[in-house]
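Here is a plain walk through one model, for anyone meeting it for the first time. Have a look at the sequence and the 3D view, then read on.

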Amino acid sequence: MNAKEISPGLAVRGITPPLALADFKLIAFDMDSTLINIECIDEIADAVGKKAEVAAITEATMRGEIKDFKESLRRRVALLKGVPVDALQQVYDQRLQLNPGAAELVAACKAAGLKVLLVSGGFTFFANRVKDRLGLDFARSNLLDEADGRLTGRVVMQSWGDICDGAEKRRTLLEVASLLGISPGEAIAVGDGANDLPMMAEAGLSVAYHAKPKVREQAMVAIDDGGLDRLLEVLR
């Protein structure tokens, strides 16, 4: 089904706007390049002069050319071995910004009674800070292992598993929907990369934000210009 541009840089497929925001009960966001402006792992790698190497793997993964996200993440995290933990704070302070419209969209969703989930293939160091900054309800992401003030190049096993990939994002969306006593059809999923497709496929409304072509082609809403709050042109 072809997408239909309803205003410049905003296209929809398979839906007729406006939809009622209050008909949804949960919105799930990817973090890196969706809620925030950077790929955190690439910026951490910059601290040890390995940004180009790591960013090339990130880009190929987001486009869906590297199919195994877990393997891709392990390869990239291994390249971070020896990075001082302080470098994470520097990335947060100096490089991480919320994407345009993120705060406005989250505020509108909360005002309409939705719960807000952040589910990321990135790292808890950033996800938990973004969660606090925006007042989100849930966050799930990967935990970087550290020893003696430096990263070890590994991720830590958590109660749900070790790496939050596409399958885990999908599972998290379904788990949180179940906790809230709602159907996945009452959820919105927003992402930009291939590992967001499994959760977007479960949600009642899927949103691609400045996304890779493969993601844009499958989403019900594609925001190609402007901020995240352009979703409010579709949801009233």
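His210 counts as partly exposed because its relative accessibility is 40%. In this predicted model, you'll find His210 in the loop that runs between β8 (205–209) and α9 (213–216). What makes His210 worth a stop is its backbone: phi is near 40°, a positive value in a residue other than glycine. As a rule, most residues other than glycine have a negative phi.

Ser33 plays a similar trick. Ser33 isn't a glycine, yet its phi is positive, at about 70°. Look for Ser33 in the loop between β3 and α1. With a relative accessible area of 22%, Ser33 is partly exposed.

There's an oddity in the peptide bonds, too. Most peptide bonds are trans. Going from Pro17 to Pro18, though, the bond is cis, and omega is near -5°. Pro18 sits in the loop between β2 (10–12) and β3 (26–29).

Now for some strands. Strand β4 (residues 115–123) and strand β5 (residues 138–147) run parallel, joined by 4 bridges. If you want one pair to find on screen, take Leu118, whose bridge partner in β5 is Ala139. Put helix α6 (residues 124–134) together with β4 and β5 and you get a right-handed β-α-β unit.

On to strand β6 (residues 150–156), which runs antiparallel to β5 and is joined to β5 by 4 bridges. Here Glu146 has Leu151 of β6 as its bridge partner. The hairpin of β5 and β6 has 2 residues between the strands, and Asp148 in this hairpin takes a positive phi near 55°.

What about empty space? There is 1 cavity of 30 Å³ or more, and there are pockets to consider as well. The table puts the largest pocket beside the largest cavity.

| Space | Volume | Lining residues | Lining by class |
|---|---|---|---|
| Largest pocket | about 210 Å³ | 15 residues | 7 nonpolar, 4 polar, 4 charged |
| Largest cavity | about 140 Å³ | 16 residues | 6 nonpolar, 5 polar, 5 charged |

Which residues lie nearest the centre of the largest cavity? They are Asp32, Glu39, Phe69, Gly121 and Gly122. Four elements, namely α1 (40–46), α2, α3 (69–78) and β4, give two or more residues each to the lining of that cavity. Of these, β4 gives the most, with 4 residues.

For the largest pocket, the residues nearest the centre are Lys67, Phe69, Gly166, Ala194 and Asn195. Helices α2 (51–62), α7 (166–180) and α8 (197–202) each supply at least two residues of the pocket's lining.

Last stop: the cysteines. How many disulfides does the structure hold? The count is 0. Why is Cys40 without a bond? Its sulfur is 14 Å from the closest cysteine sulfur, in Cys164, so the two are too far apart for a bond; a disulfide would need the sulfur atoms within 2.5 Å. Cys109 tells a similar story: the closest cysteine sulfur, again in Cys164, is 20 Å from its own, which is too far for a bond. Are these cysteines buried or exposed? Cys40 counts as buried because its relative accessibility is 0%, and Cys109 is buried with a relative accessible area of 0%.

Note on methods: Residues are numbered from 1 along each chain as its sequence is written. This is a predicted model: local features need pLDDT of at least 70, side-chain atom pairs count only at pLDDT 80 or more; totals for chains, interfaces and linings use all residues. Side-chain values use heavy atoms; hydrogens and water are left out. Two strands pair if DSSP finds at least two bridges between them. A crossover is right-handed if, with the strands pointing away from the viewer, the path from the first strand over the helix to the second runs clockwise. On a 1 Å grid over the protein atoms alone, a cavity is a set of points where a 1.4 Å probe fits but cannot get out, and a pocket is an open set with protein on both sides within 12 Å along at least five of seven lines; lining residues have an atom within 4 Å of a point. Grid points are joined across faces, edges and corners, and a volume is the space filled by probe spheres set on the points. Ala, Val, Leu, Ile, Met, Phe, Trp, Tyr, Cys and Pro count as nonpolar, Asp, Glu, Lys and Arg as charged, and the others, Gly among them, as polar. Buried means under 20% relative accessible area, exposed over 50%, partly exposed in between (1.4 Å probe, protein chains only).
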